[in-house]
Amino acid sequence: MDKNIIETGKKIKNMEIRGAAKIGRETARAIKLFCENFSGSKKDFIKNLKENARFLVNTRPTAVSLSNSLRYIMRDMDTEMDLEDLRENLIKRSEKFIELSLSAIKKIGEIGANRIRDGDRIMTHCNSSCALSVIKTAFRKGKDFEVFARETRPRYQGLLTAEELCKEGIKTNLIVDSAARYFMADMDLVIIGADAVAANGAVVNKIGTSELALIAKEARVDVIVAAETYKFHPETIAGKLIEIEERDWREVISEEKKREIGDIKVRNPAFDVTPPEFIDLIVTEKGIISPQAAIMILKTEYGWDLDKKDFWEV
Ligand code: RI2
C-alpha cells in the first residue's frame, strides 16, 4: 500500500478531509501522487493501483464522489499501454477530475443563484460547498436574503457554514437542528448538498436532511439540492442500495458519560435518504433537473452496462 494513500484514507475516514466534493478531489490527488512516485514493474503498478483504490473506496462508503472520482480517472484505462503512458494518462485524468469538480461547483453556483430572490429566507443543513456556492453566488450578484444554518449534530458542520456565510457578509442565523420546524413557516427555500443521488432521484445527505425536507414539504417550501453529476450513483441503476455509513458513537457522547449511564446503545448514522417526492429540483453543472430525471444523468455519464465491473474489483 502507498504511504500517502494510507495517510489520505485516514484523513477521509476521520473527517479531517470532509465534504463529498473534497473527498473526491483528494482521492484524485492521492492517485496522482501514487502514479508520480511509483517505482516498479507494470504488473506491480496495476496490482497496487487496484489495492489502493479498494482501500480508498472503503473509507467512506456513502460518498459516491469518492468512487466516481476513481471511475473517472480509470475509465477506459488501457492496460496494454506501456507503464509510462499509463501513468501519464492517469495523472492527466486525476488533474482533470479536480478541475472538473471545481468548475462544476462554480457552475452550480451560477445556475442555482437564479432561484434565490430578494427577501428570501433560506434554510440549510450541514456544510456543503455546492449549496454554499449557490448561496454565495446569489449574494455576490447583489441579492439580499437571509440564511438559517442548522448546527448539524453530532459534528456541528453547521457552525462551519454559519462562519463561512458571516465571513462573506451574508445575514446568518444559527439554529439547533430541532428548531427547524419552528422556523420553517418563515422560510422560502431549503438549499442543501448531497453525498449521493440514486437513480430514482432519492438524495442521500447528512443525517437530518430527510426530516428537514419533510418539514419543508409540510410548509410548502421548495427544497433545492445542489449536486455535481459525479454525486449520482451508477450502481443504483441496477437496484443497488446506497450504503449508509454509521460512525463511531464517541462522536455523540463521551466515553465517561456513557460509562456513567451504563447499559446504553448509542447509534450514529451519518446520512439519511430523502425520497424524490420531497425534493423540488436538483441543480447540477449540466443544468437543473427534477429528481425523477436522475436516471438520465446516470445514463449519459455511465451508460447502461449493468454488469460492468469497476477496475479495482476485477
Ligand atoms: P459538498 C457532507 O458530508 C455533507 O453531508 C454535505 O451536505 C455533503 O458532504 C456535500 O458536500 P460529510 O463529509 O460536496 O460532512 O457539497 O459527512 O461540499
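**Close-up views of the ligand site and two backbone features**

**View 1. Polar contacts of the ligand.** A polar atom in the side chain of R60 is placed 2.9 Å from a ligand oxygen atom. The model is predicted. The side chain of S129 has an N or O atom 2.6 Å from an oxygen atom of the ligand. For N205, a side-chain N or O atom likewise lies 2.6 Å from a ligand oxygen atom. On its own the ligand has 440 Å² of accessible area, of which the protein covers 99%.

**View 2. The pocket and the elements around it.** The ligand takes up the space of the second largest pocket. Two or more residues of the shell are contributed by each of α2 (20–37), α6 (129–140) and β6 (203–206). The ligand lies between domain 1 (3–106) and domain 2 (108–301), because both domains give residues to the shell around it.

**View 3. Residues of the ligand shell.** The ligand is surrounded by 18 residues, and those that come nearest are S128, S129, D195, N205 and K206. Divided by class, the shell comprises seven nonpolar, six polar and five charged residues.

**View 4. The cis peptide bond at P154.** R153 and P154 are joined by a cis peptide bond, with omega about 0°. The loop that contains P154 runs between β2 (146–150) and α7 (157–168).

**View 5. Backbone conformation at M15.** M15, a residue other than glycine, has a positive phi, near 70°. The position of M15 is in the loop between α1 (3–13) and α2. Most residues other than glycine have a negative phi, and most peptide bonds are trans.

Definitions and conventions
Residues numbered from 1 in each chain as written. Predicted model: local features only at pLDDT ≥ 70, side-chain atom pairs only at ≥ 80, totals over all residues. Heavy atoms only, no water. Near = heavy atom within 4 Å. Polar contact = N/O pair within 3.5 Å; in protein donor to acceptor, adjacent residues only side chain to side chain. Areas by Shrake-Rupley, 256 points an atom, 1.4 Å probe, with all protein chains shown as cover. 1 Å grid on protein atoms, 1.4 Å probe; cavity = no way out; pocket = protein on both sides within 12 Å on 5 of 7 lines; lining within 4 Å. Sits in = over half its atoms within 2 Å of the grid points. Helix = DSSP H or I, 4+ residues; strand = E, 2+ residues; numbered from the N terminus. Nonpolar A, V, L, I, M, F, W, Y, C, P; charged D, E, K, R; others polar. Domains from an automatic or database assignment.
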